[in-house]
Amino acid sequence: MPFVRIDAIGTGKLEALGNAVHDAMVETLGIPADDRFQVLNGQSTLKYDDYLGIHRDEGVVFVAITMRQGRTDAQKKALYRRIAELAEEYAGTEPRNVLVTITENNPVDWSIGNGEAQYA
C-alpha cells in the first residue's frame, strides 16, 4: 500500500499527475489497481533550485512515496522513469521538473484503519 503525496503549483494538473504516478506504480511495482492512497496538494509557492545541473521552473512537481520495503533498485529506477514519462503524457509536465522520493518502512508501520496494524 504505497502512500503518495504530490505537490505542484496550482491545481489544474493534480488529478492527471495522480493518475500518472498511480499507473506507473501499477506497471512497475505491481501494486493492485485499487490500491490508491494519495494527497494531491496545489501550492502557490514551492522552493527549488537547479540542483545537479537540472533546470526546474514553475512546472516543478514533488512526488513523495512511502511504501513497505522490498522493491529492488531496478524496480525503483523503472518507477522514476515511468512516472516522468506518464507525467509528461498525462499532464504535460516536463520530465526535468519531476522530483521523486521514496521512503520505505516496515509492515508494522502501517494502520489501514480501525486502529489495527493489518500488515503486522
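This passage describes charged side chains and their pairings in a predicted model.

The salt-bridge count comes to 6. Three of these pairs are described here, followed by the surroundings of one lysine.

Arg5 pairs with Asp7. The closest N and O atoms of this salt bridge lie 2.8 Å apart. Arg5 is partly exposed, at 35% relative accessibility. Asp7, by contrast, is buried, because its relative accessibility of 11% falls under the 20% cut-off. The bridge between Arg5 and Asp7 thus has a partly exposed arginine and a buried aspartate.

A further salt bridge joins Arg82 and Glu27, with an N to O distance of 2.6 Å. Arg82 belongs to helix H2, which spans residues 73–91. Glu27 belongs to helix H1, which spans residues 14–29. The pair therefore ties together parts that are 55 residues apart in sequence. Neither side chain counts as buried, because Arg82 has a relative accessibility of 23% and Glu27 has a relative accessible area of 47%. Arg82 is partly exposed. Glu27 is also partly exposed.

Glu94 and Arg96 form another salt bridge, at 2.9 Å from N to O. Glu94 is partly exposed, with a relative accessible area of 38%. Arg96 is partly exposed as well, at 27%. Some salt bridges share partners, and these join Glu27, Arg82 and Glu85 into one network. The link between Arg82 and Glu27 has an N to O distance of 2.6 Å.

Helix H2 also holds Lys76. This lysine is buried, with a relative accessible area of 15%. The assignment follows because 15% is under the 20% limit for burial. The side chain of Lys76 makes a polar contact of 3.2 Å with the side chain of Glu104. Glu104 is also among the residues that Lys76 touches, when residues up to four places away in sequence are not counted. Arg71 and Ile102 complete that list. The contacts of Lys76 thus include a glutamate, an arginine and an isoleucine.

Helix H2 therefore carries Arg82, which pairs with Glu27 of helix H1. Lys76 lies in helix H2 too. Arg82 is partly exposed at 23%, whereas Lys76 is buried at 15%.

Conventions:
Residues numbered from 1 in each chain as written. Predicted model: local features only at pLDDT ≥ 70, side-chain atom pairs only at ≥ 80, totals over all residues. Heavy atoms only, no water. Salt bridge = Lys/Arg side-chain N within 4 Å of Asp/Glu carboxyl O. Buried < 20%, exposed > 50% of the residue type's maximum accessible area, 1.4 Å probe, protein only. Helix = DSSP H or I, 4+ residues; strand = E, 2+ residues; numbered from the N terminus. Polar contact = N/O pair within 3.5 Å; in protein donor to acceptor, adjacent residues only side chain to side chain. Contact = heavy atoms within 4.5 Å.
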